[in-house]
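Please look over the sequence and the model shown below before reading on. The report after them is meant to be followed with the structure in view.

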Amino acid sequence: MNASEEHLRAMRQAVYKSVARAGIGEEAAESARPMPSELVGNAVRACGPRALFDPWP
């Protein structure tokens, strides 16, 4: 997986669904949604735009 907008969108949706399914609540799920973008943004700043990562090792 790379840091493309498509992959980031998929990761945000996966985080939202995971939190929502955990029964924590929709508000918490919405709050968690931007986390993947922040994490990937930090990784890209540290490793460069072509950094590959596996979100589910």
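The paragraphs below go from the whole chain to its third helix, and then to a few charged side chains.

**The chain as a whole**

This is a predicted model, and the values given here are computed from it. The chain has three helices and zero strands, so that its elements, read from the N terminus on, follow the order α-α-α. Buried residues make up 21% of the 57 residues in the chain, while the area that the chain exposes comes to about 4200 Å², of which carbon and sulfur atoms supply 56%. Among the contacts with a separation of 6 or more, 56% are accounted for by residues 24 or more positions apart.

**Helix 3 and its two faces**

Helix 3 covers residues 35-47 and has 13 residues, and the distance of 18 Å from its first C-alpha to its last is close to the 18 Å expected at 1.5 Å a residue. Within helix 3, Pro36, Val40 and Gly41 are buried. These residues lie on the same side of helix 3, because they cover an arc of only 130 degrees around its axis. Helix 1 (5-21) and helix 2 (26-32) are included in what covers the buried residues of helix 3. On the face of helix 3 turned away from its buried side are the exposed residues Leu39, Arg45 and Ala46. Just after helix 3, glycine 48 takes a positive phi of about 105 degrees.

**Charged side chains**

How many salt bridges does a search of the whole structure find? The search finds one, and this salt bridge is formed by glutamate 30 with arginine 33, whose closest N and O atoms are 3.0 Å apart. The table sets the accessibility of both partners beside that of arginine 12, a residue that lies in helix 1.

| Residue | Relative accessible area | Class |
|---|---|---|
| Glutamate 30 | 39% | partly exposed |
| Arginine 33 | 21% | partly exposed |
| Arginine 12 | 18% | buried |

Arginine 12 counts as buried because its relative accessible area of 18% falls under the 20% cut-off, whereas arginine 33, with 21%, is classed as partly exposed because that class begins where buried, meaning under 20%, ends. Leaving aside residues up to four places away in sequence, arginine 12 touches Glu5, Arg33, Pro36 and Ser37. One of these contacts, Arg33, is thus the salt-bridge partner of glutamate 30, and another, Pro36, is among the buried residues of helix 3.

Technical notes. Residues numbered from 1 in each chain as written. Predicted model: local features only at pLDDT ≥ 70, side-chain atom pairs only at ≥ 80, totals over all residues. Heavy atoms only, no water. Helix = DSSP H or I, 4+ residues; strand = E, 2+ residues; numbered from the N terminus. Expected span 1.5 Å × (residues − 1). Buried < 20%, exposed > 50% of the residue type's maximum accessible area, 1.4 Å probe, protein only. Arc of directions from axis to C-beta. Contact = heavy atoms within 4.5 Å. Salt bridge = Lys/Arg side-chain N within 4 Å of Asp/Glu carboxyl O. Areas by Shrake-Rupley, 256 points an atom, 1.4 Å probe, with all protein chains shown as cover.
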